[in-house]
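Work through the exercises below with the structure open beside you. Try each task before you read its solution.

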Amino acid sequence: MNSALSKFKGMGVAIVTPFLPDGSVDFKALESLVAYLIDQHVDYLVALGTTSEYPTIAPSEKEEVLRCISETNAGRLPLIIGVGGPNTKAVLRRMESVESFKADAILSVTPYYNNPSQAGLFAHYQMIAEHSPLPIFLYNVPGRTSCNLLADTTLRIAESCPNVWGIKEASGNMHQILYLLNHKPDDFLVISGDDLLTLPLIAAGMDGLISVVANAYPAEVSNMVHLALSDQYIKARIYHDHLFEITRACFKEGNPCGIRAFLAAQGRIHNVLRLPLVPVSVELQDKINNIVHS
């Protein structure tokens, strides 16, 4: 595996976008969170993914969020920027500016809402790959998009588009994932997008994790991933077991509501979301507070 690709084998963090009580972006908290993640030795950063509340952030805010993350990072860790959507031409336009933020790659989610066929998905990613200034990671999360990028289509893209370096696979479909792992090219990364399943998925051949939980528990998640990748599964399971109830609580009422509740309990951000998302229930918040302070 070439060195440029290997820097994404490990644990990346899908960064939360903190908000102030008035709903505006809390850049001070964002800078502090990014610095904390870097200090905790995560492998790379992922900006403007699902966990960032990307759909509710205005274009001008996106630029400021990326600038804050990029300047705080200062080239210390690889940076992936989320650029995706249901309009292929709009995705192409947004890709034009990513290099200015010192990004290393693009994470592009499958088109949502318009429900393209597998042929449409292939054509979408082929078009993006032809015009992208940076390497691309596909992002398959049918639970959010109602659009499943099948393994055969992923393999076709991998074989046809050399600047598509891998996929964040969050389908939860073990048959699909195992088929992909058994047929993928050697130089194509398959990265978990599901915190809870990451340990068994790495055992099956996955190359790491883009984590939500690591916003609040970066060292623990990173240790689990690195131990598993070095075949130290008994030690990795200790971290997996410790993180199990944390992860269940984090996703019980949806992402990013849960991780924001954890970060708020840790005093890192305000527990503020933008509609239509709302904070977790009082019952779940009490449980999260108990986890954090126990």
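A residue counts as buried when its relative accessible area is under 20%, and as exposed when that area is over 50%. Keep in mind that this is a predicted model.

**Exercise 1. Buried residues of a helix**

Task: Find which residues in H7 are buried, and state what covers them.

Solution.
- Step 1. Apply the cut-off along H7: Ala151, Thr153, Thr154, Leu155, Ile157 and Ala158 are buried.
- Step 2. Look at what lies over them. The cover of the buried residues of H7 includes helix H5 (118-131) and H8. It also includes strand S5 (136-140) and strand S6 (164-169).
- Step 3. Take one residue of H7, Thr153. Its relative accessibility is 9%, so Thr153 counts as buried.
- Step 4. Set aside neighbours within four places in sequence. Thr153 is then in contact with Gln118 and Phe122.
- Step 5. Check the side chains. Those of Thr153 and Gln118 are joined by a polar contact of 2.6 Å.

**Exercise 2. H7 against H8**

Task: Describe how helix H7 (residues 151-160) and helix H8 (residues 174-183) cross, and list the residues that make the contact.

Solution.
- Step 1. Start with distance and angle. The axes of H7 and H8 come within 9 Å and cross at roughly 30 degrees.
- Step 2. Classify the angle. Angles under 35 degrees count as roughly parallel. Therefore H7 is roughly parallel to H8.
- Step 3. Give the hand. The crossing of H7 and H8 is right-handed.
- Step 4. List the residues. H7 contributes Ala151, Asp152, Thr154 and Leu155. H8 contributes Gln176, Tyr179, Leu180 and His183.
- Step 5. Sort them by class. The contact of H7 with H8 has four nonpolar, three polar and one charged residues.

**Exercise 3. H11 against H13**

Task: Do the analysis again for H11 and H13, from the angle to the residue classes.

Solution.
- Step 1. The axes of H11 and H13 are 10 Å apart, and the helices pack at an angle of about 150 degrees.
- Step 2. Angles over 145 degrees count as roughly antiparallel. So H11 is roughly antiparallel to H13.
- Step 3. The crossing of H11 and H13 is left-handed.
- Step 4. On the H11 side, the contact uses Glu245, Ile246 and Ala249. On the H13 side, it uses Leu284, Lys287, Ile288 and Ile291.
- Step 5. Sort the contact of H11 with H13 by class: five residues are nonpolar, none is polar and two are charged.

**Exercise 4. Unusual backbone**

Task: Work out where the cis peptide bonds before Pro256 and Pro276 lie, then look at phi for Leu48 and Asp231.

Solution.
- Step 1. Recall the background. Most residues other than glycine have a negative phi, and most peptide bonds are trans.
- Step 2. Go to Asn255. The bond from Asn255 to Pro256 is cis, with omega near 10 degrees. Pro256 sits in the loop between helix H11 (233-251) and helix H12 (257-265).
- Step 3. Go to Leu275. The bond from Leu275 to Pro276 is cis, with omega near 20 degrees. Pro276 is in the loop between H12 and helix H13 (282-293).
- Step 4. Turn to Leu48. This residue is not a glycine, yet its phi is positive, about 60 degrees. Leu48 lies in the loop between strand S2 (44-47) and helix H3 (59-73).
- Step 5. Turn to Asp231. Its phi is also positive, about 65 degrees, and Asp231 is not a glycine. The loop between helix H10 (218-229) and H11 holds Asp231.
- Step 6. Compare accessibility. Leu48 has a relative accessible area of 6%, so Leu48 is buried. Asp231 is at 57%, so Asp231 counts as exposed.

**Exercise 5. Two buried residues and their contacts**

Task: Is Leu107 buried or exposed? Is Arg274 buried or exposed? List the contacts of each.

Solution.
- Step 1. Place Leu107 in strand S4 (residues 105-109). Its relative accessible area is 4%, so Leu107 is buried.
- Step 2. Leave aside neighbours within four places in sequence. The contacts of Leu107 include Val46, Ile80, Val83, Phe137 and Lys168.
- Step 3. Check one distance. The C-alpha atoms of Leu107 and Ile167 are 8.4 Å apart, with their positions 60 residues apart along the chain.
- Step 4. Place Arg274 in the loop between H12 and H13. Its relative accessibility is 15%, so Arg274 counts as buried.
- Step 5. Leave aside neighbours within four places again. The contacts of Arg274 include Phe19, Val25, Glu53, Ile57 and Glu61.

Definitions and conventions: Residues numbered from 1 in each chain as written. Predicted model: local features only at pLDDT ≥ 70, side-chain atom pairs only at ≥ 80, totals over all residues. Heavy atoms only, no water. Axes fitted to C-alpha atoms, helices over the stretch in contact; angles between N-to-C directions. Helix = DSSP H or I, 4+ residues; strand = E, 2+ residues; numbered from the N terminus. Parallel < 35°, antiparallel > 145°, perpendicular 65-115°, else oblique. Left-handed = near helix turned anticlockwise from the far one by under 90°. Contact = heavy atoms within 4.5 Å. Nonpolar A, V, L, I, M, F, W, Y, C, P; charged D, E, K, R; others polar. Buried < 20%, exposed > 50% of the residue type's maximum accessible area, 1.4 Å probe, protein only. Polar contact = N/O pair within 3.5 Å; in protein donor to acceptor, adjacent residues only side chain to side chain.
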